[in-house]
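Thanks for asking me to look this over. My notes follow as numbered points, so you can take them in any order.

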Amino acid sequence: MAVTDAPKITSSRFDLADGHTIERYVATGGYQGLKAALAKSPSGVVDEVKSASLLGRGGAGFPAGVKWGFCPPGVFPRYLVVNGDESEPGTYKDRLLMEKDPHQLIEGVLIGCYAVGCSQAFLYVRGEMALAQERIAQALNDAYAAGHIGKNIYGTEFSVDIVLHWGAGAYIVGEETALIESLEGNRGMPRLKPPFFPAAKGLYLQPTIVNNVETLANLPWIMSNGAAAFAALGAENSKGTRIFAVSGHVKNPGVYEVEFGVTTFRDLLYAPVYGGGIRHDRELKAFIPGGASAPWLYPEHLDVPLEAATVGKLGTMLGSGAVVVFDEQTDMVKACHRLVRFFARESCGKCTPCREGTSWLEKILERIIDGLGRPEDLDLLLDICDNISVGMNWPPRQTTICPLGQSATSPIASAVMRFRDEFEAYLGGPAEITVQVKGPAFVGPYVHEEATADA
Amino acid sequence: MARLDDTNLATAKEIISRYPRIKSATIPLLHLAQEQDGYVATDAMEHIAELTNTTPAQVLGTCSFYEMFKREPVGKYLVNICTNISCQIMGGEELLHHAEESLGIKGGSTTADGLFTIEDVECIAACTEAPCLQINYRYFHKISNDQFDEVIADLRSGGRTDEIPPHGTLARIRQHIPADRAAGNADPAGIPEPIWLSAPATAPPEGEKA
């Protein structure tokens, strides 16, 4: 458990002023991973990625190689869609990967297309990211001119076009089926799974792999250095390295690529090379371990490693690598309200529990903050949460087509169960809680030995 | 205003040519219309419907879902101030209040001279650089009240136009796929198994390993 000297896999060009140019990319080993991939069979590349145990970096954390294998055999064409719609509050990595190292992403897309047999790829960049769009457009133009993309790449039979596509402002489009709807020119509303699992019925109802930017950005390194070198880094269920954005009340907010699975939250928040400690040397109150959708963790969890399964057992997730730090002076009721307001604004409106529930939650929190709360409001908040995600357990139960609604219950259950006194201060008196909340992160207490036993 | 002009129509046709199903070009063409006029005009949506073989109602349906598309003119400069969690706890709300006071308008509205619109927006992926904002989707990281006033004064006096194009313009570099390098669209109804999946690559660069 420490700061390790693991190599930088995806962020190695972040400090270079010209890391986004094709000249610098090629001069620093660029497009060698693609050449190594093309020397193998497509199934050999899939096997390599499977044995690297690369987990998806978008939020769900599903193994990338396994996801690739879900395409039904014999059904073509297949598409690859890059999810560059980074919008989860606290998350800041894909934008940097697109702005500072667009060729690395493009090379990853090409490796993925070759392995899965995708005849066309779409790179969906969040609409608000103008610089990322410019950098990728330039990189694609340069890569086409240099023969890295297009017809008969390097004289082989492998041919694929990559099309740059921008979104237009909708968090929900980060959900893969909503992203596909958006790419088809529609309102970005999620599709029901089943039957619309993208690998089976995705873009234009054809088999489609939707991969996160950071996931794909790992592929050139894996192909150049081998799956064994990748799997040698990290812990049992969390291999390689991973980018975490540490924001909020730390001395050095920043984006840090760390060895996955062995670095701890304490390292990330307090090590001088990372967060550097809580600002003004105050006490830590709580932190969000994986984006706005994740249940919160507290000072007693600092020695937990950044390892997907371990964090999952605590009843929360590493999600999109977004760690938001709250110091002792933070108003947790207001923080909770702001997170819930986000989900209320971004609900697409398709499913009733989410559409109605999130806006009710927001309004109740607003009246509490305005001093108009009622003693029964805490129970009411939890009751609504219970209707959106029964039992508020982990992994959460879902009453809606996509996970957006249940995500709004995380900050509420976290704040109400842990900082009940702060709510009661707003309410001006004690509040009774009768609704049962089951998620381990919400009810604690945390048992150190149990959670880190297999780390 | 306005259907797409001749230059933008040519760009629109190039964009459409990259999709196996032309309706997929709807959002890119809405961006193009917004770049032309600063907002998405009704005539432009009708034009896009013609180009994508859909109806104006379908284009409006898509357009109205997405926050970035403005169906009425906004300020020349759209000032998007993030107040989501990382910015909130680092002074984003105070920055928003300062901006509202300094420009004399509330979030969601436009100054009388038509120069500035303020929006209170959700996370824009600059969380470690809080508080942050975007002006016409160009980032300003860790911005203080004084720096904010400085940028606004520059824009008022006609400065920073290289850095910040008018509202509607996103990337100033466009993708172009050269005809002689294009692999071609993958028609969902017509592409068989890719040849490289069934047959080994014909000229592997580093010897035949597969």
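**Notes on domains, interface and voids**

1. Between domain 1 of chain A and domain 3 of chain A, the count of salt bridges is zero. Please keep in mind that this is a predicted model. The two domains still bury about 910 Å² between them, and carbon and sulfur atoms give 78% of that area. On the domain 1 side of chain A, the residues that lose the most area to domain 3 are Tyr171(A), Met189(A) and Pro190(A), together 52% of what that side buries.

2. For orientation, the assignment splits chain A into domain 1 (22-226), domain 2 (233-326) and domain 3 (332-443). The contact between domains 1 and 3 of chain A takes eleven residues from domain 1 and nine from domain 3, while their C-alpha centres lie 35 Å apart. Chain B is assigned domain 1 (6-63) and domain 2 (77-156), with C-alpha centres 30 Å apart.

3. Now to the two chains. Chain A and chain B bury about 6900 Å² between them, with 58% from carbon and sulfur atoms. The contact draws on 99 residues of chain A and 74 residues of chain B. On the chain A side, Glu157(A), Trp166(A) and Arg338(A) supply 10% of the area buried against chain B, more than any other three residues.

4. How many salt bridges cross the interface of chain A and chain B? The rule finds six there, and the structure holds 38 over all chains. One pair to look at is Glu122(B) with Arg338(A), whose closest N and O atoms are 3.0 Å apart. Glu122(B) sits in the loop between strand 2 (116-121) and strand 3 (133-135) of chain B, and Arg338(A) in helix 14 of chain A, so this pair joins two chains. Glu122(B) also meets Arg341(A) in a salt bridge, at 3.9 Å from N to O; the cut-off is 4 Å.

5. Glu122(B) turns up again at the largest cavity, which holds about 200 Å³ of space. Of its 20 lining residues, those closest to the centre are Arg126(A), Glu128(A), Glu346(A), Glu67(B) and Glu122(B). Helix 14 of chain A and strand 2 of chain B each supply at least two residues of this lining. By class, the lining has eight nonpolar, three polar and nine charged residues. The whole structure has six cavities of 30 Å³ or more.

6. The second largest cavity has a volume of about 170 Å³. Its lining has 13 residues, and closest to the centre are Leu164(A), Trp166(A), Ile15(B), Arg18(B) and Arg174(B). Which element gives the largest share of this lining? Helix 2 of chain B does, with four residues. The classes here are eight nonpolar, three polar and two charged.

7. Last, the second largest pocket, where about 490 Å³ of space lies. It is lined by 24 residues, and Lys334(A), Ala335(A), Gln88(B), Glu93(B) and Glu94(B) are the closest to its centre. Helix 14 (332-346) and helix 15 (352-369) of chain A, along with helix 6 (92-103) of chain B, each provide at least two lining residues. Helix 14 of chain A gives the most, with five. The lining divides into four nonpolar, eight polar and twelve charged residues.

Methods. Residues numbered from 1 in each chain as written. Chains lettered and ligands numbered in written order. Predicted model: local features only at pLDDT ≥ 70, side-chain atom pairs only at ≥ 80, totals over all residues. Heavy atoms only, no water. 1 Å grid on protein atoms, 1.4 Å probe; cavity = no way out; pocket = protein on both sides within 12 Å on 5 of 7 lines; lining within 4 Å. Points joined across faces, edges and corners; volume = space filled by probe spheres on them. Nonpolar A, V, L, I, M, F, W, Y, C, P; charged D, E, K, R; others polar. Domains from an automatic or database assignment. Contact = heavy atoms within 4.5 Å. Buried area = accessible area lost by both parts, 1.4 Å probe. Salt bridge = Lys/Arg side-chain N within 4 Å of Asp/Glu carboxyl O.
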